[in-house]
Amino acid sequence: MNWFSKHSGRGEPLWLWIFAAIGGLALMALAVWAGYQLWLFRNSGSLAFANATPTTQAVPTFTATPGGIGKAQVAGLEAASTPDPFDTEAMAAESGAIQAAPGEPTPVPPLEAEQPVVPAQRTITIDDIAPNADQSPPPTPAPPTPTPTVPPAPEDQLTQGIQLHRVGDFVAARSRLAALINDPAATQEVRLDARFYLAKGYLADGYYAEALAVLEQLDTEFDTATTGLGAPTAAFDRQVEAHLLRALVFTGMARYADAIDAYDQALAQSPELAALVQPRIARANAALGDSANAATAYRAAVDAATDTVQQVVLLEALASTYSGAGRYDEAVAAYDEILEVAVNAGYRAQIQYQAGEVLRLAGDETNAIVRWRRATDEAPSTNFAYQALIRLVERQVDFDLYQRGLINLAASSWQPAVNALTAYLDLADADDARRDTALHMLGQAYLGLGDLPSAATVFARVIAEYPDCTCFGQAWIDSARTQAAGGDGTDARRTYRTFARDYPNDPLAPEALWRSGVLALNEDSTVEAAVDLLSLVDLFPKSDRAPQALYTVGVGAFANELYVESADALRRAQMNYPDYRWDAVGYWLGRAQAANGDRADAEETWQALVERAPDIYYGVMAAQAMRQLAGTDGAIVNMRNMRAVAGPPSRVAGDDGSRAFAEQWLADWLRVDADTLGQLPAAVTDDPDWVAGQMFLAVDERGDGLAALERVYTRNQNDSATLYAMSLEFERLQAYRLSLIAMARLLQFSPAGLVENAPLFLQQHAYPRRFADLITAESIANGIEPLLFFSLIRQESLFEEGARSFAAAQGLAQIIPDTGQWVAERLGYPNYSNELVYRPYINVKFGAYYLDWVRDYLDGNLVSALVGYNAGPGNSDIWREAAGADDALFVEQLTITEPRIYVQAVVSNLYHYTRMYDTGQ
């Protein structure tokens, strides 16, 4: 009897049993669905909340675009495995933010309540280390063995969160830190640090309300820590930094009065911050329209300044504040304070001009004119002298016409210079001592204006009428320049040669022959160039141009396969001018000797260079040439070549790479106790800049923080023992550039001579691998040797993520804004803005991608790619076409100095990184 027939005999109706069966199936389906949703929750990086919208834009993440990423599209980049910060549902889970009704304040929920951990935006997988490993035949599966999941210790989770924050991955960092705060196993000190970094993460992304809420919770934690027994020291260490963070948050929210209160609280606990905090208080007061208190704050900052440069910068801000408030007398007084200490003529001219501008605003034209005149006298060739002259001319002030012409000429204001100098010459007496130089300047003004016939006529007059003028030789040179500008290179060279022949005692005679030779080279007249340059050497052997001429002839002859002539010129340079570019001369002399069939002589020449400096560019190149390694197709920077020539990690006997060994070596040299070497002297620890610099670094205000620490470094840069201790402390503070330069300077002072003659522990602080996981992963993802990328980043930024060059290159890998935008588009990076490129995990990714792209664009040649990375791939392509396949000649013949120095530095770095860190894999 089946179950149904058994129970149907009891008299229950059939429909009831059918209904019960359907209901049971429905319950089972519901249970399955709920289980599936739970599984999705546990395996996803986000939890959906309806209508959750962040108050400000979050950090963009990489979203893979089909076909748009190429080599960079490795495991961990796909959108499916990376939470999108522009996904409002995912952001709600990450921040807990709930969208408020229009016009209502946004409520701040508990920021760390039951939040899932968002995966890192960039996860290193097996594909990063062994590409296509997943395509290998799968191993035979063994019976599964249950392995209990052991969550990381709270301290390890905190370290992970801090590291994610450090590289700029704030979304992932916040998620880990938020999950950690509610961990019952976390100590109070861990929770303090977690909340502190959580607040910093929200502030970094502009989530001010959320950051403020975390800081309020941090205050509660502080209260508990400071009133309880056995309070952790972090409770006290973090309080001042929390006040600074709160001030930064209030500033971001435009709550300037609250920001001032927070800064005042920080100052009350740490007066050493005055020089850095008072300018911020001043700016907050200025934003409130309170110029009086702004000026008071700037004055307090000036009084607290620790060096002259810092002081005068603050005095400029004080003067500007006074001027903006109409307190003109006080503004001028502040400028006069600057003039009491300033010694640079150009800067003094600037301050005199600015004082004149303030007096003009005050209606004191008489004294304004006095200041503008002083500006023109302080430094006539500067832009501020020119601006002052404009003010004087506007007021029709009687002004010396000669000086007026000089200032206009220096400012490239050609027509006004012509007018002033012409008027001066018309009015000057025939015996006026300045007529000769005025006439010469008039010719230069005509030349700048492009009026070549007038320029030629004036220079001819100077040569004919004023043979005793100090400008006589320059007039000959300018006459030849005028001819060359008109396209007559032959006559220009004839003029240069005539001058050098007829006036050999003039200081510019060798310069004339040099210019004639260079002009001939530019016109592909190599024979004439050689004649001019060798004549320069023969006629003027004591000239600074003589060794340069020999070197130019030697390398030029080599490039033209005239190896005998090349060797002769370079041998003369080596013998007669042993200090002139001895490394480059030695390398190319060896190349010429080898090409001539004199292999033994070449080996001897190169060996002498390698013994003297194996780690510089030409030493590396000589060592590779001795081993007859390839010198084309970028081989000079590949690992096979570098491994073949790299020296040992350390040449110090018994060196085990430990800190203890290094400190004993230092102690023996400095004759001090090894146990004291890592201790900073009181002169450093009591320095206000040391205290302030650490605190500003702690709140991610790296600009002010590093500037303060650099002042400490400068004050102690000649004390070897202090340099060592500072390097270690800078490393702890993650001020990596300062750590590096302090150790590099120590090695210069040491008896080591060569870097590899110092203990390995010291060497590795001069050639460190900061951000190692990040740089290694991105290198591998883009098919770049990691040690080469470390070498590039050391040259670019010395591992300082806030670095910015004069050309606006930014971050660790020095990405310029246009390149950053281009790479972001190539990678499908949403809502990119230039500020994001300072974040290390973005900057390194962009730099590795760009180097890989440039390498592909330049036919896979890494030397060309390095030049292209520095000076533009288009330029590199042009230079390569002109130079040919020889990488050394390519680098030598670059027409811009910067990329040549850049490549040479990267090669030298790679030598050191190879011998210290290469595993041979």
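1. Helix α36 covers residues 720-732 in this predicted model, and its length can be checked with simple arithmetic. Because a helix is expected to advance 1.5 Å a residue, the 13 residues of α36 should span 18 Å, and the end C-alpha atoms, which lie 19 Å apart, agree with that expectation.

2. How many of the 13 residues of α36 are buried? The number is 10, so the helix is largely enclosed by the rest of the structure, where a residue is called buried if under 20% of its relative accessible area remains. The buried residues are S720, T722, L723, Y724, A725, M726, S727, L728, E729 and F730.

3. Which helices do these buried residues pack against? Their partners are α32 (659-670), α33 (682-685), α34 (688-698) and α35 (702-715), together with α37 (736-749) and α38 (760-766).

4. The two ends of α36 each deserve a look in the structure. At its start, D719 places a side-chain oxygen within 3.2 Å of the backbone nitrogen of A721, while just after the helix Q734 adopts a positive phi of about 65 degrees.

5. For the wider setting, the protein has 46 helices and 0 strands, and 50% of its 921 residues count as buried. Among contacts with a separation of 6 or more, 60% are accounted for by residues 24 or more positions apart.

6. The surface can be described in a similar way, since the protein exposes about 41,900 Å², and carbon and sulfur atoms supply 53% of that area.

Conventions
Residues are numbered from 1 along each chain as its sequence is written. This is a predicted model: local features need pLDDT of at least 70, side-chain atom pairs count only at pLDDT 80 or more; totals for chains, interfaces and linings use all residues. Side-chain values use heavy atoms; hydrogens and water are left out. Helices (H or I, at least four residues) and strands (E, at least two) are DSSP runs, numbered from the N terminus. The expected span of a helix is 1.5 Å times one less than its number of residues. Buried means under 20% relative accessible area, exposed over 50%, partly exposed in between (1.4 Å probe, protein chains only). Contact means heavy atoms within 4.5 Å. A polar contact is a pair of N or O atoms within 3.5 Å; within protein, one must be able to donate a hydrogen and the other to accept it, and residues adjacent in sequence count only if both atoms are side-chain atoms. Accessible areas come from the Shrake-Rupley method with a 1.4 Å probe; for residues, only the protein chains shown count as cover.
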